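User: I'm new to this one and would like a close look at a single part of it. Could you take me through it slowly, with the reasoning spelled out?

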Amino acid sequence: MGQPIIFTVDLEDWFTDGRQIQIDSWGKYELVIEANVYAILDLLSKHNAKATFFILGWIACKKPHLIQEIHAMGHEIASHGYAHELVYTLPEEKFRHDVRKSKQALEDIIGAEVIGYRAPCFSMTWRGLDILKNEGFIYDSSIVPRTCHDLYSRLYERVEQPFFEIADHFWELSLPALSIGSVQIPWGGGGYFRFCPYPLFQYGIRKSISSRNPYIFYIHPYDLDPKQPRRTDYSLLNRLRRYYGLKSARNKLERLIGQFECKSIVECYPLLKQQMNKKWEA
Ligand SMILES: [Zn+2]
């Protein structure tokens with residue numbers, strides 16, 4: 001068995017990133033998510049691995065059976081918000097409403113409590129963390145060290161540990177970045193995973209593990225889909241980010257899941273579930 005890493009999926013479809021196509025018109029587009037989610041589930045099952053799925057509430061409401069199936073397979077269900085709006089662009093009340101709606105929708109679907117949250121495009125704010133805690137979440141997984149990425153939040157220059165208590169009884173599971181000279185490059189997955197040749201990406205994972213263990217990986221279902229409908233509203237940079245390396249991503253993912261022992265967040269940190277139980281006992 002390989003070295004353990006945390007495996008996460010940001011479960012959203014090709015048109016739900018909330019940039020130019022707003023939620024009011026999402027109903028017009030074809031959902032292609034299922035086949036890609038099953039591809040990820042099959043790879044995980046083949047290697048007896050578990051993952052945390054951060055699920056967009058809107059998608060969950062469209063595909064409740066898919067979410068129930070993921071849950072029944074023993075993977076962790078967590079929230080990726082409802083409408084995929086960047087946290088730092090939302091008034092407080094709107095953010096509170098979005099996370100509450102997504103948590104409720106997921107809990108109604110799986111009949112169990114949801115304790116984890118990941119912000120769209122890692123757009124977390126300090127106030128957003130307070131709101132998550134007040135809404136009953138036990139952990140967040142949205143903080144990336146300051147990098148050159150234009151959308152990510154800039155909460156920390158560096159994050160030395162992947163897992164730490166960021167507020168009283170509320171934990172952060174931060175994403176990795178690799179320092180190359182004075183630049184920090186996000187090294188958690190997604191487009192960066194597609195962009196890098198596998199041996200280089202894998203070298204970065206091992207380098208990350210040597211300084212902050214465990215390593216946290218993320219992928220979107222569309223990262224594996226060369227046939228997904230193409231967005232015409234994207235800039236050249238966004239087209240490159242979204243469509244580069246789609247054809248080879250599935251093979252690379254299989255190599256990664258075969259090489260490392262993939263675990264969900266609650267599997268790695270049982271303390272989080274214990275905290276949830278304590279909350280109910282209190
Ligand atoms: Zn997302």
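Analyst: Let's begin with a cysteine: Cys121 counts as buried, because its relative accessibility is 16% and the cut-off for buried is under 20%. Keep in mind that this is a predicted model. Cys61 is a different story, being partly exposed with a relative accessible area of 42%. As for disulfides, the structure holds zero of them.

So what ties parts of the chain together here? Salt bridges are one place to look, and the structure holds 15 of them. The part I'd like to zoom in on is helix H4, which covers residues 92-110.

Start with Glu92 in helix H4. Its partner in a salt bridge is Arg127, and the closest N and O atoms of the two are 2.9 Å apart. Arg127 belongs to helix H5 (residues 126-134) while Glu92 belongs to helix H4, so this pair ties together parts that sit 35 residues apart in sequence. How covered are the two partners? Arg127 comes out as partly exposed at 34% relative accessibility, and Glu92 as partly exposed at 39%.

Next comes a pair that stays inside the helix. Arg96 forms a salt bridge with Glu93, with 3.1 Å between the closest N and O atoms. The two are three residues apart in helix H4, which means about one helical turn separates them. Are these partners buried or exposed? It's a mixed pair: Glu93 is exposed, since its 53% relative accessible area is over the 50% cut-off, whereas Arg96 is buried at 15%.

Further along helix H4 we reach Arg100. Glu135 makes a salt bridge with Arg100, and here the closest N and O atoms are 2.8 Å apart. Glu135 sits in the loop between H5 and strand E5 (139-140), and Arg100 is in helix H4, so parts 35 residues apart in sequence are tied together by this pair. Glu135 is buried, at 15% relative accessibility, while Arg100 is partly exposed at 46%.

Now step back to what comes before helix H4 in the chain, where a zinc ion enters the picture. Which protein atoms hold it? The donors are Glu12 (OE), His80 (NE2) and His84 (NE2), lying 2.0 to 2.1 Å from the zinc ion. Along the chain, these donors follow the spacing E-x67-H-x3-H. His84 lies in the loop between strand E3 (76-79) and helix H4, and Glu12 lies in the loop between strand E1 (4-11) and helix H1 (33-46), so the two tie together parts 72 residues apart in sequence. Glu12 counts as buried, with just 2% relative accessibility, and His84 is buried too, at 3%.

To round things off, here's a look at other parts of the chain. Asp17, Arg231, Asp233 and Arg242 are linked in a network of salt bridges. On the surface, Phe195, Leu240 and Tyr244 make up a nonpolar patch, with about 310 Å² of accessible area together. Leu240 belongs to helix H8 (residues 236-243) and is partly exposed, with a relative accessible area of 44%.

Back at our helix, then: Glu92 pairs with Arg127, Glu93 with Arg96, and Arg100 with Glu135.

Methods: Residues are numbered from 1 along each chain as its sequence is written. This is a predicted model: local features need pLDDT of at least 70, side-chain atom pairs count only at pLDDT 80 or more; totals for chains, interfaces and linings use all residues. Side-chain values use heavy atoms; hydrogens and water are left out. Donors are N, O and S atoms within 2.8 Å of the metal (3.2 Å for Na, K and Ca); water is not among the atoms, so sites may look incomplete. Helices (H or I, at least four residues) and strands (E, at least two) are DSSP runs, numbered from the N terminus. Buried means under 20% relative accessible area, exposed over 50%, partly exposed in between (1.4 Å probe, protein chains only). A salt bridge is a side-chain nitrogen of Lys or Arg within 4 Å of a carboxyl oxygen of Asp or Glu. Patches are made of residues with over 30% relative accessible area and no salt bridge: like charges are joined within 9 Å, nonpolar side chains (Val, Leu, Ile, Met, Phe, Trp, Tyr) within 5 Å. Accessible areas come from the Shrake-Rupley method with a 1.4 Å probe; for residues, only the protein chains shown count as cover. A disulfide is a pair of cysteine sulfur atoms within 2.5 Å.
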